[in-house]
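User: I would like a close look at a single part of this protein, with the rest of the chain brought in where it helps. Please work outward from that part and explain each step.

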Amino acid sequence: MAHFLGLGLTHYPLLAGTDEHMASLLRWTLADPDIPAAEKDPANWPAAMRAEWGSDQGVAAAAKHRKQLTDNLFRCREALDEFEPDVMVVWGDDQYENFREEIIPPFCVLAYGDVEAWPFELMTERGSPNAWGLPDDTTITVHGDPENARWLTTKLLDRGFDMAYSYEKRKDSAFPHAIVNTQLFLDYPNAGAAFPYRLIPITVNCYGPHVIARRGGLARFAQIKDERTDPVGPSPARCFGLGRAVAQSFAETDLRVALVASSSWSHAFLVDKNWHLTPDTQADLRLYQLLKNGDFEKWQATTTPDIIESGQQEILNWFCLVGAAEELGLELAWSEFVTTDVFNSNKCFAVFQEGKNR
């Protein structure tokens, strides 16, 4: 008989850097000449945002934000160690990393063996030392599970998901940071180097219209004024359905499976209506309340335009997790929602567990 644990967490790249650099995305945005000066003036910001920004452009607040995140990550790790999984399925976005112009699959199972990954690449590119003071070229081993990944792909195809799969990552490309940072942050004291569990990553094309148009990342308003967008990614309902199918597949086994969604929620740099300055916190809080209430019907009724307007593209990973939790009858045992204006994205953490009567 299979057993399951569900985890939701963040892969926030700036947590891997130092406090001095944690607000660097907002500083970069404030240099955009096409954002109205009044919007960039801290005097016009909400009181909470001004308090976070402070007199040091967010450096002091970064230490508090880091502690909030690491405390919640430690709680997720405690649940994971107590569960002792045989394998972890991790849903994470590929942000113009492994998949580029050659092909953009809606979903892809990464049926890899052990991979040497460079966890500090993004921070090094942005000029930030890593938070551990390790050499910039430090690597960690991400342990894969290629046999179970192949098996899962077949099961998903049998269930009507035209699932892509990959046996090798793209040459000279970064391993998706959504996956690497999941290991890095769940093993935070050891900078990811001592993580013992095997991963089956499933990448999700969360960025859809902007995965190539904005290269899955930052863009100035002048760049996006006449941008040629890409086709949409998978819908929230389809992601929910994938979570169900993964759960159904593993339910036929005797494995202990941890199901993990790795992403923050609304990202400021994706919220065009907010001038890329702040996340859409109200949209996030609406979904968080539905999550706590177990109202999965309204949760999966969220549309792709809703997601894009609110900069919640990466929350599609959570739709996969919630679909699996609903299918398996997992109960939300604990959750925490961390809001911010200055540090780019709101972060949600959650533990879903089997009911006592299962």
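Analyst: W275 belongs to the loop between β8 and α10, and that loop is the part I will follow here, in a model that is predicted. The phi of W275 is near 60°, a positive value in a residue other than glycine. Most residues other than glycine have a negative phi, which is the reason for pausing at this place. W275 counts as partly exposed because its relative accessibility is 27%, a value that lies between the 20% limit for buried and the 50% limit for exposed.

H276 is found in the loop between β8 and α10 as well, and H276 too has a positive phi, of about 65°, although it is not a glycine. The burial of H276 is another matter: at 5% relative accessibility it counts as buried, whereas W275, at 27%, counts as partly exposed. A positive phi also turns up elsewhere in the chain, at E84, where the value is about 55° just after α4. That helix, α4, covers residues 59–83 and has 25 residues, and its reach of 36 Å from first C-alpha to last is close to the 36 Å expected at 1.5 Å a residue.

The loop also has a neighbour in helix α12. E309 has its place in that helix, which covers residues 304–309, and, leaving aside neighbours within four places in sequence, E309 is in contact with V271 and K273. The C-alpha atoms of E309 and N274 are 9.8 Å apart in space, although 35 residues separate the two in sequence. E309 has a relative accessible area of 45%, so it is classed as partly exposed.

What does the aromatic side of this region look like, beginning with the ring pairs? The count for the model comes to 16 aromatic pairs. One of them, F195 with Y197, is edge-to-face, with 5.3 Å centre to centre and 80° between the planes. F195 is buried because its relative accessible area is 3%, and Y197 is buried as well, with a relative accessible area of 12%. Another pair brings us back to the loop: W265 and F337 are edge-to-face, 5.4 Å centre to centre, with 65° between the planes. This pair links distant parts of the chain, since W265 is in the loop between β8 (256–262) and α10 (281–293), while F337 is in strand β9, 72 residues apart. W265 has 0% relative accessibility and therefore counts as buried, and F337, at 12%, also counts as buried.

The pair of W265 and F337 is part of something wider, for ring pairs link W265, Y288, W299, W318, F319 and F337 into a cluster. W299 is worth following from here. Leaving aside its neighbours within four places in sequence, W299 is in contact with F240, W265, L287, L290, L291, I315, W318, F319 and V322. Of the 114 residues in the largest nonpolar core, W91 and W299 touch the most other members. The largest share of this core, nine residues, comes from helix α13, which covers residues 316–328.

Beyond that helix the chain passes to β9 (331–338), and G329 lies in the loop between α13 and β9. G329 is partly exposed, because its relative accessible area is 45%. The C-alpha atoms of G329 and Q353 are separated by 8.8 Å, with their positions 24 residues apart along the chain.

Two charged side chains are also placed over aromatic rings. The charged end of R256 sits over the ring of F83, 4.4 Å from its centre; R256 is the residue at which β8 begins, given its range of 256–262, and F83 is the last residue of α4, given its range of 59–83. The charged end of K347 sits over the ring of Y12, 3.6 Å from its centre.

Finally, the setting of the loop in the whole chain. The protein chain has 13 helices and 10 strands, and 58% of its 358 residues count as buried. Among contacts between residues at least 6 apart in sequence, 80% join residues at least 24 apart. The C-alpha atoms fill a box of roughly 60 × 45 × 40 Å, taken along the principal axes. A compact globule of 358 residues would have a radius of gyration near 21 Å, so the 19 Å of this chain agrees with that expectation.

Definitions and conventions. Residues are numbered from 1 along each chain as its sequence is written. This is a predicted model: local features need pLDDT of at least 70, side-chain atom pairs count only at pLDDT 80 or more; totals for chains, interfaces and linings use all residues. Side-chain values use heavy atoms; hydrogens and water are left out. A nonpolar core is a set of buried Ala, Val, Leu, Ile, Met, Phe, Trp, Tyr and Cys residues joined through side-chain atoms within 4.5 Å. Buried means under 20% relative accessible area, exposed over 50%, partly exposed in between (1.4 Å probe, protein chains only). Helices (H or I, at least four residues) and strands (E, at least two) are DSSP runs, numbered from the N terminus. Contact means heavy atoms within 4.5 Å. The expected span of a helix is 1.5 Å times one less than its number of residues. Rings of Phe, Tyr and Trp (its six-membered ring) pair if their centres lie within 6.5 Å; planes under 30 degrees apart count as stacked, over 60 as edge-to-face and the rest as tilted. A charge sits over a ring if NZ of Lys or CZ of Arg is within 6 Å of the ring centre and within 35 degrees of the ring normal. The radius of gyration is taken over C-alpha atoms; the globule rule is 2.2 Å times the number of residues to the power 0.38.
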